[in-house]
Amino acid sequence: SAGALLASGTFDQESASGWQALTFARPVAVRRGTEYVVSYFAPHGYYAATPFAFASADRHAGGLSAPRSAASRPNGAFADAHGFPTRTFHATNYWVDVDFRPRG
């Protein structure tokens with residue numbers, strides 16, 4: 001919640017269009033019940049977005065969840081430049097997938 005950076009990377013050899021994938025050199029350890037923000041920076045403004053995706057229901061997939069957006073706890077955060085994503089617009093999903101693999 002304080003915006004502590006746990007990992008970062010840069011896309012290289014990406015395609016002109018389509019889904020991009022970034023693999024960290026080492027997995028990022030996370031704790032059950034802790035909220036994390038996953039984001040990317042698109043310097044040229046090209047990104048996938050679905051407005052109101054977090055407006056009406058929590059989303060769950062593969063052991064992870066994204067809570068429904070609320071005034072006291074908005075979801076679908078972004079930043080206009082480098083920095084911790086804190087702004088929101090219409091509970092938008094900016095399509096960042098996480099490859100989550102629970103330990104044994």
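Leaving aside its neighbours within four places in sequence, which residues is Thr 92 in contact with? Before selecting them, bear in mind that the structure on screen is a predicted model, and that every value below is computed from that model.

**The whole chain**

Begin with the full protein in a cartoon representation, where you will find zero helices and four strands, so that the order of elements from the N terminus on reads β-β-β-β. If you draw a box along the principal axes, the C-alpha atoms fill roughly 40 × 40 × 25 Å. The radius of gyration of the protein is 14 Å, which agrees with the value near 13 Å that a compact globule of 104 residues would have. Switching to a surface, you are looking at about 8,900 Å² of exposed area, 52% of it supplied by carbon and sulfur atoms, while 12% of the 104 residues count as buried. A contact map would add that, among contacts between residues at least 6 apart in sequence, 44% join residues at least 24 apart.

**Thr 92**

Next, select Thr 92, which is found in the segment after strand E4, itself spanning 87–88. Thr 92 counts as buried because its relative accessibility is 3%, under the 20% cut-off. To answer the opening question, now add Ala 49, Thr 50, Pro 51, Phe 52, Phe 54, Asn 75 and Gly 76 to the selection, since these are the residues in contact with Thr 92 once its neighbours within four places in sequence are left aside. Then display Phe 89 as well and look at its backbone oxygen, which lies 2.5 Å from a polar atom of the Thr 92 side chain.

**The aromatic rings**

From there, move on to Tyr 94, which at 16% relative accessibility also counts as buried, and show the aromatic side chains. A pair of aromatic rings is described by the distance of the centres and the angle of the planes. The structure holds two aromatic pairs, and one of them is formed by Tyr 47 and Tyr 94, in an edge-to-face arrangement with 5.7 Å from centre to centre and 65° between the planes. Tyr 47 lies in the segment before strand E1 (59–61) and Tyr 94 in the segment after E4, so this pair ties together parts that are 47 residues apart in sequence. Finally, add Phe 78 to the selection, because ring pairs, whose centres lie within 6.5 Å, link Tyr 47, Phe 78 and Tyr 94 into a cluster.

Notes
Residues are numbered from 1 along each chain as its sequence is written. This is a predicted model: local features need pLDDT of at least 70, side-chain atom pairs count only at pLDDT 80 or more; totals for chains, interfaces and linings use all residues. Side-chain values use heavy atoms; hydrogens and water are left out. Helices (H or I, at least four residues) and strands (E, at least two) are DSSP runs, numbered from the N terminus. Buried means under 20% relative accessible area, exposed over 50%, partly exposed in between (1.4 Å probe, protein chains only). A polar contact is a pair of N or O atoms within 3.5 Å; within protein, one must be able to donate a hydrogen and the other to accept it, and residues adjacent in sequence count only if both atoms are side-chain atoms. Contact means heavy atoms within 4.5 Å. Rings of Phe, Tyr and Trp (its six-membered ring) pair if their centres lie within 6.5 Å; planes under 30 degrees apart count as stacked, over 60 as edge-to-face and the rest as tilted. The radius of gyration is taken over C-alpha atoms; the globule rule is 2.2 Å times the number of residues to the power 0.38. Accessible areas come from the Shrake-Rupley method with a 1.4 Å probe; for residues, only the protein chains shown count as cover.
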